[in-house]
Amino acid sequence: MKITGAEVFVGGPKKNYVTLKIMTDQGIYGLGDATLNNRETLPAKYLTDYLIPNLIGMDPRNSEDIWQFFYRGTYFRRGPIAMAAFGAIDMALWDIKGKLANMPLYQLFGGKSRDGAMTYAHATGADLPDLMDSIAHYVEEGYQAVRVQCGIPGMPTASYAVPEEKGENKHYISDFSGIRPKVEIWDTDKYMRYMPDALMEIRERFGPDLKILHDVHHRLTPREAAQFAKEVEPARLFWLEDPTPAEDQDALRMLRQHSTVPVAIGEVFNSIYDCNKLIENELIDFIRVAVTYAGGITHVKRIVDLAGLHHVRTGFHGAPSHSPISMAAQGHLNAWAPNFGIQEYLVLGTPECDALFPSDHRMENGMFYVSDAPGLGVDFDEKEVEKYEYVAGSHPVVRLTDGTMWDY
Ligand code: KDG
Ligand code: MG
């Protein structure tokens, strides 16, 4: 069996999804997602200029050897652009393997460990009452777990994932369009004074069962994170996400010495070497890597297995930039993983998105159920994608009140 060709498509409703299609001499094709939010053209170019010419003629069934060929053969290893490109190839090869076996992917991993996978929604608000409305909306939709973010009184601008105006609190997606980034002004003291009590008010309003998650988006120093973690303990969070900048694997030691709050990290990691110390030293509780830019199913499965040895559960990244293809890949891993924790799930789910990526996977009451279709179980409509143009975007940048650059 041989790979005969591959094509990359960039486009989608409100998102520049990067979709890879690999064709074979047996008529079976596979799909992969290489969407690197706000830098989408780069993995696309890496694929078309370097990787696809090498793929032609390879046997698509040898997904492990092909992964090693690209990873080891690159010399300049890792990094989100390369790992997103390798990841898309890997997903597509697994898709082909599943179609050849006539089995859904979770069967090839070892079968189902659960029927549905719990997901969490993003609740947000310009202020705390606005956030409370947003949480109530998702609870009513059936979610058992909700991530909560809100505006901080006195903060000069809205901060991470928070709208400027009240009322935009349902299915809110930040607008990242434009090459010049928006500037957010951040005040650590105000945040640390306000947020612990706000989280406690949320716990009191929604009771003991709601799983409450909160994302600090890498903004605290190790000492501040330790103090913050201690102060939010009474709210009994399901997780505290990215309290410190992700590059520093030792940053969580101090937090761990002072608090038992569960910690989640890893949405910006792109290899096992970014998190092996965190996992082996049991400094985290949830690993947030994504198949999209952590080298695909082959590499992420390796991380999941290492995590399982150290009581670390999965909580894969699932921001709206992940296309239904990578979310399906994660859906199959979630169905199988003995150490599954939770899945962030923000696929647009609009009729336009469903038309571009038809599938029978379904969301019900905040739970994700994978279909039994062979492979990934998602298709891609090449005619539909022609409707969309690439729109360049940038993540915001963050400055402290005196102008100093900080972490987004
Ligand atoms: O592209 C960046 C987003 O994916 C990120 O800001 C989202 O922190 C995020 C999350 O938890 O989904
Ligand atoms: Mg996050």
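## Reading charges and burial in this model

Colleague: What makes Asp-197, Glu-201, Glu-204 and Glu-231 a negative surface patch?

Modeller: Asp-197, Glu-201, Glu-204 and Glu-231 form a negative surface patch. Asp and Glu count as negative and Lys and Arg as positive, with His and the chain ends not counted. Patch residues need over 30% relative accessible area and no salt bridge, and like charges are joined within 9 Å (nonpolar side chains, Val, Leu, Ile, Met, Phe, Trp and Tyr, within 5 Å). Each charge is placed at CG of Asp, CD of Glu, NZ of Lys or CZ of Arg. Glu-201 has a relative accessible area of 43%, and patch members need over 30%. Accessible areas come from the Shrake-Rupley method with a 1.4 Å probe, and for residues only the protein chains shown count as cover.

Colleague: What sort of model is this, and how is it numbered?

Modeller: This is a predicted model, in which local features need pLDDT of at least 70 and side-chain atom pairs count only at pLDDT 80 or more, while totals for chains, interfaces and linings use all residues. Residues are numbered from 1 along each chain as its sequence is written, chains are lettered from A and ligands numbered from 1 in the order written, and side-chain values use heavy atoms, leaving out hydrogens and water.

Colleague: Which helix gives the largest share of the negative patch?

Modeller: Helix α6 (residues 188-206) does, with 3 residues, and Glu-201 is found in that helix. Helices are DSSP runs of H or I with at least four residues, strands are runs of E with at least two, and both are numbered from the N terminus.

Colleague: Why is Glu-201 called partly exposed?

Modeller: Buried means under 20% relative accessible area and exposed means over 50%, with partly exposed in between. Glu-201 has 43%, so it is partly exposed.

Colleague: What makes Asp-215, Glu-241 and Glu-267 donors to the magnesium ion (ligand 2)?

Modeller: Donors are N, O and S atoms within 2.8 Å of the metal (3.2 Å for Na, K and Ca); water is not among the atoms, so sites may look incomplete. Asp-215 (OD), Glu-241 (OE) and Glu-267 (OE) coordinate the ion at 2.0 to 2.2 Å, and their spacing in sequence is D-x25-E-x25-E. Asp-215 sits in strand β7 (residues 211-215) and Glu-241 in strand β8 (residues 239-241), so this pair ties together parts 26 residues apart in sequence.

Colleague: How do you know that Arg-288 and Glu-241 form a salt bridge?

Modeller: A salt bridge is a side-chain nitrogen of Lys or Arg within 4 Å of a carboxyl oxygen of Asp or Glu. For Arg-288 and Glu-241, the closest N and O atoms are 3.0 Å apart. Arg-288 lies in the loop between β10 (286-287) and α10, and Glu-241 in strand β8, so the pair ties together parts 47 residues apart in sequence. Salt bridges that share partners join Glu-241, Glu-267, Arg-288 and Glu-344 into one network.

Colleague: Why does Glu-241 count as buried?

Modeller: Its relative accessibility is 0%, so Glu-241 counts as buried. Arg-288, also at 0%, is buried.

Colleague: What other salt bridge links distant parts of the chain?

Modeller: Arg-219 and Glu-184 meet in a salt bridge at 3.5 Å, N to O. Arg-219 is in the loop between β7 and α7 and Glu-184 in strand β6, 35 residues apart. Arg-219 is buried at 1%, and Glu-184 counts as buried at 10%.

Definitions and conventions: Buried < 20%, exposed > 50% of the residue type's maximum accessible area, 1.4 Å probe, protein only.
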